[in-house]
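The following exercises are intended to be worked through with the sequence and the three-dimensional model at hand. Each task is followed by a solution in steps.

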Amino acid sequence: RKSRLIEKQREGEVNEAENNLTTAEEARKDAENAREALEDEAGKLENDIANGDDEVKGRTEKLGSLNEHKAGLEKDLEETEPETEKHGEISRELADTISNISMEEVAIAKATEKLAADRIKADKNKKQVEAATEAAEQADNNVNLKRDELDKAVDAFKDSRDMADDLEREAEDQANVLEAVNDEIKHKEKLLEEVQGSYNE
């Protein structure tokens, strides 16, 4: 009876180990999902930074061209007779160019600001990815640990079940031996009664 109680206790330990393994596997899955999400975000930030670099570079080059054009227009304006049609055309073009330069400078400032913000996000994201990777590795190690614990619990359960089975078989064998001995005693008692009867006669 005691061995069956031990077997039942070991079975409970197996169930607990299975639950612990399931919990650990869910935690590992959550950790891997979190890491993948952060890695996806890292990829998007890399693209945003690359696009931002390209945009700032392109706009800076365009700004350089506009400034060169402005310088050329200012030179042409100096060399053109005031109050002529050509002077007016150059003045209007110069005004448009100055306006375009201002817009380009604003656009570069905005793009540079966004780029700086994206770089800060990327640095933060990098640290988060590292932490998430470490958490995923720890979760994976925990799953392996819980799997080992389950294997040990299963082995202990099988050993206790085998022991209980062996003890039951042994008890049955002993019961059979006892029954045979009792039968033999009854037989001997019967013989003794017969002998006693003969003796009495």
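**Exercise 1: A salt bridge within one helix**

In this predicted model, glutamate 11 and lysine 8 are 3 residues apart in helix α1, so about one helical turn separates them. Task: determine how the side chains of glutamate 11 and lysine 8 meet, and classify the exposure of glutamate 11 and of lysine 8.

Solution.
1. The two side chains form a salt bridge, with an N to O distance of 3.9 Å. This value satisfies the criterion, because a salt bridge requires the nitrogen to be within 4 Å of the carboxyl oxygen.
2. Glutamate 11 has a relative accessibility of 32% and is therefore partly exposed.
3. Lysine 8 has a relative accessible area of 59% and is therefore exposed.

**Exercise 2: A salt bridge between helices**

Task: identify which parts of the chain are linked by the salt bridge of glutamate 104 with lysine 62, and state whether glutamate 104 is buried or exposed.

Solution.
1. The closest N and O atoms of glutamate 104 and lysine 62 lie 3.5 Å apart.
2. This pair joins distant parts of the chain, since glutamate 104 belongs to helix α2 and lysine 62 to helix α1, 42 residues apart.
3. Glutamate 104 is buried because its relative accessible area is 6%, and buried means under 20%.
4. Lysine 62, at 47%, is partly exposed.
5. Both residues also take part in a network of salt bridges that includes Glu55 and Arg59. The search of the whole structure yields 14 salt bridges.

**Exercise 3: The nonpolar core**

Task: establish which helices supply at least two residues each to the largest nonpolar core, and list the contacts of valine 14.

Solution.
1. The largest nonpolar core has 8 residues: Val14, Ala17, Leu21, Ala24, Val143, Leu150, Ala153 and Phe157.
2. Helices α1 (2–79) and α2 each supply at least two residues of this core.
3. Not counting residues up to four places away in sequence, valine 14 touches Leu150, Ala153, Val154 and Phe157.

**Exercise 4: Two positions in helix α2**

Task: classify threonine 97 and valine 177 as buried or exposed.

Solution.
1. Threonine 97 is located in helix α2. Its relative accessible area is 4%, and threonine 97 is therefore buried.
2. Beyond neighbours within four places in sequence, threonine 97 contacts Leu66, His69, Lys70 and Leu73.
3. Valine 177 also lies in helix α2 (residues 85–200). At 51% relative accessibility, valine 177 counts as exposed.
4. Together with Val181 and Ile185, Val177 makes a nonpolar surface patch of about 240 Å².

Note on methods: Residues are numbered from 1 along each chain as its sequence is written. This is a predicted model: local features need pLDDT of at least 70, side-chain atom pairs count only at pLDDT 80 or more; totals for chains, interfaces and linings use all residues. Side-chain values use heavy atoms; hydrogens and water are left out. Patches are made of residues with over 30% relative accessible area and no salt bridge: like charges are joined within 9 Å, nonpolar side chains (Val, Leu, Ile, Met, Phe, Trp, Tyr) within 5 Å. Accessible areas come from the Shrake-Rupley method with a 1.4 Å probe; for residues, only the protein chains shown count as cover. Helices (H or I, at least four residues) and strands (E, at least two) are DSSP runs, numbered from the N terminus. Buried means under 20% relative accessible area, exposed over 50%, partly exposed in between (1.4 Å probe, protein chains only). Contact means heavy atoms within 4.5 Å. A nonpolar core is a set of buried Ala, Val, Leu, Ile, Met, Phe, Trp, Tyr and Cys residues joined through side-chain atoms within 4.5 Å.
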